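The following exercises are intended for a reader who is new to this structure. Please study the sequence and the model before attempting them.

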Amino acid sequence: MEQLLCFPDPPGPELAKALDSAGYAFIAVANAEAAGALEPPEGWSGAVVSAVESPEAAFGLCDALRRREEPVAPILLVVEAGQLGALDGHKELFDDFTLTETAPDELETRLGHLLWKTGRGKHHDVIAYGPLALNLETYQAVVAGRSLDLTFMEYELLRFLAAHPGKVFTRETLLARVWGYEYFGGARTVDVHIRRLRAKLGEENAHLIETVRSVGYRFGTARWRP
Amino acid sequence: MENQREYVLKTVEERGVRFIQLWFTDVLGTPKTFSIPPAELENAIDEGMTFDGSSIDGFSRIQEGDVIAHPDPKTFQILPAMSGGDATVARVFCDISNIDGTPFEGDPRHVLRRALERAHERGFSFFAAPELEYFYFASSEADADVPPQPLDSGSYFELTVADLATDIRRKTVLTLEDMGIPVEYAQHEDSPSQHEIDLRYTDALTMADTIMTVRLLIKEIAQEHGVYASFMPKPLAGVQGSGMHTHCSLFRGDKNAFFDADDEHGLSATARQFIAGLLEHACEITAVTNQWVNSYKRLVAGYEAPFTVSWAYNNRSALVRVPVVRQGKSESARVEYRAVDPACNPYLAFAVMLAAGLQGIEKSYELPDEADANLYTMSQRQLASAGIRPLPRTLDEALAAMESSELVLATLGDHVFEWFLRNKRAEWDEYTRQITPFELIRYLPAL
């Protein structure tokens with residue numbers, strides 16, 4: 001599991017909760033030294049830095065993370081509306097920002113987008129669950145050693161579900177998160193793709209994606225209890 | 001779009017794809033393809049591939065011959081390995097544009113997209129689930145004296161251990177599932193060597209793409225086993241032909257617009273108007289849903305095919321059938337249009353069916369009475385007095401009905417409309433010049 005760096009230590013309850021509910025593992029750090037000492041062997045997958053409490057320390061940390069031999073990316077900055085002006089001088093220090101108090105959905109979407117764009121250059125990122133493995137760097141999915149020939153949307157849907165095992169998603173949520181409402185097929189599109197995925201997973205693995213009656217879909221079972 | 005492009009390029013690299021087939025369809029629904037090596041793919045996605053359209057049926061125009069194929073990265077799919085080739089091959093469907101980038105009017109995919117957009121403007125998404133029937137024959141060779149040779153004499157649900165055709169069909173279904181094409185149902189049909197594969201619903205554009213894929217795979221897998229699969233609508237006289245009954249539904253977001261819990265049959269006013277539209281314009285769209293001379297040999301009384309403009313809840317002789325909606329299954333409310341045959345161009349067929357139904361909704365057509373009697377046993381006079389019109393009985397009649405249809409003209413666009421009529425008239429003319437075995441056997445000894 002990839003670790004995100006999170007500042008400050010401890011992070012505010014809103015931020016911690018949002019990261020938890022989005023299913024991101026994180027390690028809180030208080031400063032650049034801690035960022036070095038606590039760094040997991042495979043490196044930071046990214047950073048979420050809140051500048052709300054101590055803006056100077058926050059920008060200082062971002063600066064340090066960017067100056068490393070292998071700069072940490074992406075960096076998502078959390079600021080207050082009143083701090084927007086301060087961002088101007090620090091554009092190179094972050095990849096995206098979000099206003100506090102961030103809705104968990106927004107944080108997750110922004111992080112997901114950032115990680116998608118930048119998170120695959122540095123190290124392999126694999127989602128593994130039972131017989132299924134998704135390599136996020138190469139976009140390849142393997143079930144029981146067999147490569148799955150997925151279309152892009154099938155891959156995206158499987159990636160999203162597999163990243164949140166045990167969590168039930170409604171069709172609307174999946175449509176919003178995976179398709180981004182671009183598609184006008186409506187929520188029924190989700191059913192179509194789920195069926196296609198199950199067909200490709202094969203009979204013995206189709207159960208990985210479970211239909212939760214009159215709610216939506218769930219992939220596998222949870223790794224933790226919320 | 002950026003991610004999709006990235007996904008396709010990365011997958012081609014990772015999986016060692018050797019060729020990418022760019023797929024599109026001519027006006028008659030024949031699959032067309034050209035292959036490009038991976039090195040050209042990035043450019044193909046970004047810029048499209050220019051080719052000479054004048055060689056494609058229905059694409060030719062007098063002045064400009066060149067058109068551009070733009071791969072639709074959403075449809076990128078690695079093809080299942082066929083015996084005899086170990087290179088990994090992928091396919092991607094293309095939209096065709098003119099050199100100036102505007103959509104090419106002769107592209108059937110564009111015709112369907114345009115029809116779907118019109119539905120979308122009214123808040124509807126159109127879903128389709130076809131039942132493809134086809135035959136397995138010993139070979140594709142045709143001889144005037146010998147009818148095509150079926151592989152068996154099996155019939156409906158027949159269970160035989162050594163049924164080669166069933167093996168082939170099973171392999172086909174598994175291959176389709178591997179490609180993410182869920183099969184609802186597969187079975188031996190009524191006629192010797194006739195089979196049916198029912199596809200689960202998708203949005204109509206995906207389904208039209210899927211039908212192109214399925215038809216090709218059915219043929220390829222048959223060929224691998226040394227037999228021939230045919231979608232000819234009526235290859236054998238005296239037994240059922242092959243149809244492509246298509247279940248249609250309209251959704252408004254999450255809600256099935258065809259369902260109404262307050263109606264005795266669960267059928268909404270929208271559904272009634274849609275059916276009324278299909279019926280009102282049925283004769284006009286038949287040339288498109290049944291585009292060959294042979295299609296009309298199927299649309300006769302007595303073989304589970306429709307031959308009248310009629311609808312019913314559960315009457316397999318009617319043109320439009322409304323299957324019973326099971327309790328709590330509001331999303332399955334749908335209407336089944338039974339005229340279509342599997343040798344149609346699915347893009348154009350879906351486009352005209354949708355347009356006819358939408359017209360019914362827009363103009364609030366009244367649905368005529370249900371045809372609850374067996375239409376096959378009714379005389380011409382009984383049908384006429386019940387106000388039931390016949391469907392076109394020949395390609396010629398169908399073309400005449402189409403030619404005067406504003407609806408079909410608007411749906412297909414000038415280019416496809418004119419080319420289609422010209423091409424099909426020529427086919428009919430040629431047919432009328434034939435001396436058939438029927439005539440020789442019946443007339444030569446007698447006259």
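Each exercise below consists of a task and a worked solution.

**Exercise 1. Confidence and domains**

Task: State what kind of model this is and how it scores, and then give the domains of each chain.

Solution. Step 1: The model is predicted, with an ipTM of 0.71 and a pTM of 0.78. For chain B the average pLDDT is 90, and 95% of the residues score at least 70.

Step 2: Chain A is assigned domain 1 (3-118) and domain 2 (126-219). The centres of these two domains of chain A, taken over C-alpha atoms, are separated by 28 Å.

Step 3: In chain B, domain 1 covers 2-104 and domain 2 covers 114-442. Taken over C-alpha atoms, the centres of domain 1 and domain 2 of chain B are separated by 28 Å. The contact between them takes 13 residues from domain 1 of chain B and 16 residues from domain 2 of chain B. On the domain 1 side, 7 residues are nonpolar, 6 are polar and none is charged.

**Exercise 2. The sheet of chain A**

Task: Determine in what order the strands of the open sheet in chain A are arranged, and why S6(A) and S9(A) each have one side without a neighbour in the sheet.

Solution. Step 1: The open sheet of chain A has 4 strands, in the order S6-S7-S8-S9, with antiparallel pairing.

Step 2: Strand S6 (126-129) and strand S9 (146-148) of chain A are at the edges; each has a single partner strand, so one side of each lacks a neighbour in the sheet. From one strand to the next, the twist averages 20°.

Step 3: S6(A) and strand S7 (residues 132-135) of chain A run antiparallel and are joined by 4 bridges. Ile127(A) has Leu134(A) in S7(A) as its bridge partner.

Step 4: H6(A) lies across S6, S7 and strand S8 (140-143) of chain A, and runs at about 110° to S7(A).

**Exercise 3. The contact between the chains**

Task: Establish how many residues each chain gives to the contact between chain A and chain B, and which elements of chain A give two or more residues.

Solution. Step 1: Chain A gives 22 residues and chain B gives 27 residues to the contact.

Step 2: On the side of chain A, the elements giving two or more residues are helix H6 (152-162) and helix H8 (188-201). The largest share, 7 residues, comes from H8(A).

Step 3: By class, this side of chain A has 9 nonpolar, 7 polar and 6 charged residues.

Methods: Residues are numbered from 1 along each chain as its sequence is written. Chains are lettered from A and ligands numbered from 1 in the order in which they are written. This is a predicted model: local features need pLDDT of at least 70, side-chain atom pairs count only at pLDDT 80 or more; totals for chains, interfaces and linings use all residues. Two residues are in contact if their C-beta atoms, placed from the backbone, lie within 7 Å. Ala, Val, Leu, Ile, Met, Phe, Trp, Tyr, Cys and Pro count as nonpolar, Asp, Glu, Lys and Arg as charged, and the others, Gly among them, as polar. Two strands pair if DSSP finds at least two bridges between them. Axes are lines fitted to C-alpha atoms, for helices over the stretch in contact, and angles run from 0 to 180 degrees between N-to-C directions. Domain bounds come from an automatic or database domain assignment. pLDDT is the predictor's confidence in each residue, from 0 to 100.
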